[in-house]
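Here are my notes on this model, point by point. Please read them with the structure open.

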Amino acid sequence: FSYIAQKISSIPIGSKTLGETAFGKLCKKSNVGFMIAFEGILELFGQVIPAFKNGGLGEGLKQIGKSGVKVAASTAGFIGGEVAGKAIGAAIGTAICPGIGTAIGGIIGSLAGGIFGSSVASGIAKKLTGKPYSEKAAEEDKQTAAQQISQDIGAMQELQTATLQRLNAKRQSGMVLDNNEQELLQYIATQNFRNYYMNRNFSAMA
């Protein structure tokens, strides 16, 4: 990881390297170099390489951009959360036990704040960049399978029968059906189970 972190730090940004910029120096102070390397590896093998392999050059290049934004946002969120968490944790620790409580509270608060900040920032980045290639590909595979099943009358009949049996068993056991299950029963009663199935499985593609 240290080797990868060094390579990332040496990335040229204008007349400086990433490690020489204010952001890079802040990363070193907050010890998030390991985190950048780790998240970078996860994105590389989990998202970027599969995108190139299965989606071609275009999807691969898009995923590089998305992964870069995600890692950068996650790192920035970790730094911000770490600073705030350390201050809050130290204050709480001081109130409980000045000295050792301050130190322990700062460490715990720093870690908790960093993780929380990273999670929030990653979520925002995902909303801005959209779903990664692997997630979109999995959804498309699901939609294809759902469409094939919906066109098979026998398979749809078996699915409807199994669904109805499950719902009846739940009611007979004294359990209350939720709104979605009650809606499903209405579709079955009016012979519109296929429409319900289609709406539920294809709404994500709209």
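1. Start with Gly117. This glycine lies in helix α4. The model is a predicted one, so treat every value below as computed from it. Gly117 counts as buried because its relative accessible area is 12%, and the cut-off for buried is under 20%.

2. What does Gly117 touch beyond its neighbours within four places in sequence? The contacts are Gly77, Phe78 and Gly81. Gly80 also belongs in this picture: its C-alpha is 6.5 Å from that of Gly117. In sequence, Gly117 and Gly80 are 37 residues apart.

3. Now the helix around Gly117. Helix α4 covers residues 100-129, 30 residues in total. From first C-alpha to last, α4 reaches 43 Å. The expected value, at 1.5 Å a residue, is 44 Å, and the helix comes close to that.

4. Which residues of α4 are buried? The glycines are Gly101, Gly105, Gly106, Gly109, Gly113, Gly114 and Gly117. The serines are Ser110, Ser118 and Ser122. Ala121 and Ala125 complete the set. After α4 comes Gly130, with a positive phi near 90 degrees.

5. Move to helix α3, residues 33-96. Ser67 has its place in this helix. Is Ser67 buried or exposed? Buried: its relative accessible area is 5%, and anything under 20% qualifies. Setting aside residues up to four places away in sequence, Ser67 touches Glu43, Gln47 and Val48.

6. Leu61 is also found in α3. Its relative accessibility is 48%, so Leu61 counts as partly exposed. The exposed class needs over 50%. Leu61 is one member of a nonpolar surface patch, alongside Phe52, Leu57 and Ile64. Together these four residues present about 370 Å² of accessible area.

7. Next, the nonpolar cores. Which residues make up the largest one? There are 7: Met156, Leu167, Leu177, Leu184, Leu185, Ile188 and Phe193. Helices α6 (153-172) and α7 (179-189) each supply at least two of these residues. The largest share, 3 residues, comes from α7.

8. Glu181 deserves a look too. Its place is in helix α7. Glu181 is buried, with a relative accessible area of 11%. Beyond residues up to four places away in sequence, Glu181 touches Arg166, Leu167, Lys170 and Val176. Among these partners, Leu167 is also a member of the largest nonpolar core.

9. Step back to the whole chain. How many helices and strands does the secondary structure come to? There are 8 helices and 2 strands. From the N terminus, the order of elements is α-β-β-α-α-α-α-α-α-α.

10. Some totals for the chain. Its length is 206 residues, and buried residues make up 30% of them. The accessible surface is about 13,000 Å². Carbon and sulfur atoms hold 64% of that surface.

11. Last, contact range. Take the contacts in the chain with a separation of 6 or more. Of these, 60% join residues 24 or more positions apart.

Notes:
Residues are numbered from 1 along each chain as its sequence is written. This is a predicted model: local features need pLDDT of at least 70, side-chain atom pairs count only at pLDDT 80 or more; totals for chains, interfaces and linings use all residues. Side-chain values use heavy atoms; hydrogens and water are left out. Patches are made of residues with over 30% relative accessible area and no salt bridge: like charges are joined within 9 Å, nonpolar side chains (Val, Leu, Ile, Met, Phe, Trp, Tyr) within 5 Å. Accessible areas come from the Shrake-Rupley method with a 1.4 Å probe; for residues, only the protein chains shown count as cover. A salt bridge is a side-chain nitrogen of Lys or Arg within 4 Å of a carboxyl oxygen of Asp or Glu. Helices (H or I, at least four residues) and strands (E, at least two) are DSSP runs, numbered from the N terminus. Buried means under 20% relative accessible area, exposed over 50%, partly exposed in between (1.4 Å probe, protein chains only). A nonpolar core is a set of buried Ala, Val, Leu, Ile, Met, Phe, Trp, Tyr and Cys residues joined through side-chain atoms within 4.5 Å. The expected span of a helix is 1.5 Å times one less than its number of residues. Contact means heavy atoms within 4.5 Å.
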